[in-house]
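Thanks for coming. Please have the sequence and the structure in view while I talk.

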Amino acid sequence: MKESNKEDPTAELVIILDFGGQYTQLIARRVRECRVYCEILPSCTSPEELALRHPRGIILSGGPSSVYAPNAPGLPAEFFAQGIPVLGICYGMQLMAHLLGGRVVPAPYREYGKITLDVLVEEGLFGGVERRTQCWMSHGDRVEEAPPGFLTAARTDAAPVAAMEDWKRKLYAVQFHPEVAHTPHGKKILENFLYQVCGCSGNWTMGSFLETAVNEVRQVIGGERAICALSGGVDSSVAAVLVHRAIAARLTCVFVNHGLLRKGEPESVREAFSQLGIPLVYVDARTRFLGRLDGVYDPENKRKIIGEEFIRVFEEEAVKLGAAGFLVQGTLYPDVVESGTATAATIKSHHNVGGLPQDLRFELVEPLRWLFKDEVRELGGELGLPEEIIWRQPFPGPGLAVRIIGPVTEGKLELLREADAIVTAEIKKAGLDRKIWQYFAVLPGIKSVGVMGDSRTYAETIAVRAVESRDGMTADWVQMPYPVLETIASRIVSEIPGVNRVVYDITSKPPATIEWE
């Protein structure tokens, strides 16, 4: 990697055009790991808008379509004549070949999984890459002939053109996915494009991001006051400390107890945050939140009700504080994606994105909006936050409301809090709390027959969920040691009245999400 310079790291922008691929966010993660700033934009973004952003390079993502399908996403003819380096990946390669005069055809059989790649050109994208290497394929169509002016840079047994390069026009493409871990030299291929072709210096670091973000916050807020929606989690805490660095005492944090928190959480959050020297207002709003959730079944409605009620509380407190103009939130990029974008369907409305009311009177300040969770933790380290905040368990803004299937009641909340506390205690006791991304209990609202003390019972089920992840976009279920699971189950059914069964969720994301609602 080249040495960093003192220029604005976001000036070396690489844009990823999203064609609906399942790995688009992973491309962004890999580019960031190469210390290059990138943003994801919908594939319909116009060439004029792209030119105004002055990107160093553009990456075309994969996608589920065929270039011959009706209404398949495309690009205008002049796109490749802008003089901006372009890397097409999977569908991005097929689209490039199709538009520039190559031949794209249905493959005799779908290539999927680990495939051996034969490198034919040891320069360009493949400088420093072994002649025979492994890659990850996932495609139905293939490029039969490269367009005029392109070299065929790699092939596989089923793909005669697995990579192609036009050095003069700085157009490059690969049929495989360099962004996934199953392509061992994928990072090197991306580095070659970013450094050698696009001329990026690799100066995107959390230190450089912090300096830029602080300056942007100062410009946005100016001399006004602001409040921060504080949950006590790493996202809102990092956002609060960052904005406090920018505007100092003109920031006040507002911590709302909506009655949906974990056992002991209101006390622990207030204690931890009192040490950071930022003004904090505590609001007990348990009654109003539970009242609004009374009888609500639908999870989307829950999220939107909670999101709206949060805003109403913040509005009231902002007026009292004379800070009604700006609201700071710890919104992350996965929140934005799952709440729906131009190229991504709504998976679930996050309370701080899709759950916001339309009549929002605040101007939002979201300095972490384009970061992933692991980047936020790194930024927290740059800011000097204590480890107990940086490594706090991720917890959804709607809290236990989205871990209770169906209507939320005080009784269900108390039962779930006790079960969740047992899960947390046993995982920490086993020394797994820093090895597992997220772990918690769920109340699915399923009753079943059991026998306790020689008597028949008909009681609640508790589901235990534990996942491994890096950024929350994808996740694998944890193969928890059986003795730990056994202890958790034994304690829950023996210590919590009204529970007679414990189950373990072994579903990854996708197809499931991390939370149950």
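**A pocket, two cores and some cysteines**

I start with the second largest pocket, where helix 7 gives the most to the lining, with six residues. Before going on, note that this is a predicted model. The pocket has a volume of about 630 Å³. Its lining has 26 residues, and the closest to the centre are Ser 268, Glu 388, Arg 392, Gln 393 and Lys 428. By class, the lining divides into seven nonpolar, seven polar and 12 charged residues. Besides helix 7, both helix 12 and helix 13 supply at least two residues each.

Let me stay with helix 7 for a moment, which covers residues 265–274 and contains Ala 272. Is Ala 272 buried, exposed or partly exposed? Ala 272 is partly exposed, because its relative accessible area is 21%, and the limit for buried is under 20%. Along the chain, Ala 272 and Glu 388 are 116 residues apart, yet their C-alpha atoms are separated by 8.4 Å. Glu 388 was one of the residues closest to the pocket centre.

Helix 13 spans residues 410–429, and Glu 426 lies in it. Glu 426 has a relative accessible area of 9%, so it is buried. What does Glu 426 touch, leaving aside its neighbours within four places in sequence? The contacts are Val 484, Thr 487, Ile 488 and Arg 491.

Next, the nonpolar cores. The largest one has 116 residues, and Leu 17, Leu 242, Phe 314 and Leu 379 are those with the most contacts inside it. Helix 6 gives the most to this core, with nine residues. A second core, separate from that one, has 40 residues, among them Leu 117, Val 174, Leu 190 and Tyr 195.

Take Leu 379 from that list. With neighbours within four places in sequence left out, Leu 379 is in contact with Met 206, Phe 209, Leu 210, Val 238, Leu 242, Leu 368 and Leu 371. Leu 379 is also one of the buried residues of helix 11, which runs over residues 373–383. The others are Lys 373, Glu 375, Val 376, Arg 377, Gly 380 and Leu 383. Which elements cover them? The cover includes helix 1 (24–33), helix 5 (206–221), helix 6 (234–247) and helix 12 (387–390). After helix 11 comes Gly 384, with a positive phi near 85°.

Helix 1 was in that cover, so to speak, and deserves a look of its own. Eight of its 10 residues are buried, so helix 1 is largely enclosed by the rest of the structure. The buried residues are Thr 24, Gln 25, Ile 27, Ala 28, Arg 29, Arg 30, Val 31 and Arg 32. Arg 35 follows helix 1, and its phi is positive too, near 65°.

Two of those helix 1 residues return in the next topic, the cavities. How many cavities of 30 Å³ or more are counted? The count comes to two. The second largest has a volume of about 50 Å³. Its lining is made up of Ala 28, Arg 32, Cys 38, Glu 39, Ile 40, Tyr 333, Trp 370 and Phe 372. Helix 1 and strand 2 (38–42) are the elements that give two or more residues to this lining. Strand 2 gives the most, with three. By class, the lining has six nonpolar residues, no polar ones and two charged ones.

Last, the cysteines. A disulfide is a covalent bond between the sulfur atoms of two cysteines. The structure holds zero disulfides. Why does Cys 90 have no such bond? The closest cysteine sulfur to that of Cys 90 is in Cys 135, and at 11 Å it is too far for a bond. Cys 90 is buried, with a relative accessible area of 4%. Cys 198 is in no disulfide either, and its nearest cysteine sulfur, in Cys 200, is 5.2 Å away. For a disulfide, the two sulfur atoms must be within 2.5 Å. Cys 198 has a relative accessible area of 9%, so Cys 198 counts as buried.

That is all I have for today.

Definitions and conventions: Residues numbered from 1 in each chain as written. Predicted model: local features only at pLDDT ≥ 70, side-chain atom pairs only at ≥ 80, totals over all residues. Heavy atoms only, no water. Buried < 20%, exposed > 50% of the residue type's maximum accessible area, 1.4 Å probe, protein only. Helix = DSSP H or I, 4+ residues; strand = E, 2+ residues; numbered from the N terminus. Contact = heavy atoms within 4.5 Å. Core = buried A, V, L, I, M, F, W, Y, C linked by side-chain atoms within 4.5 Å. 1 Å grid on protein atoms, 1.4 Å probe; cavity = no way out; pocket = protein on both sides within 12 Å on 5 of 7 lines; lining within 4 Å. Points joined across faces, edges and corners; volume = space filled by probe spheres on them. Nonpolar A, V, L, I, M, F, W, Y, C, P; charged D, E, K, R; others polar.
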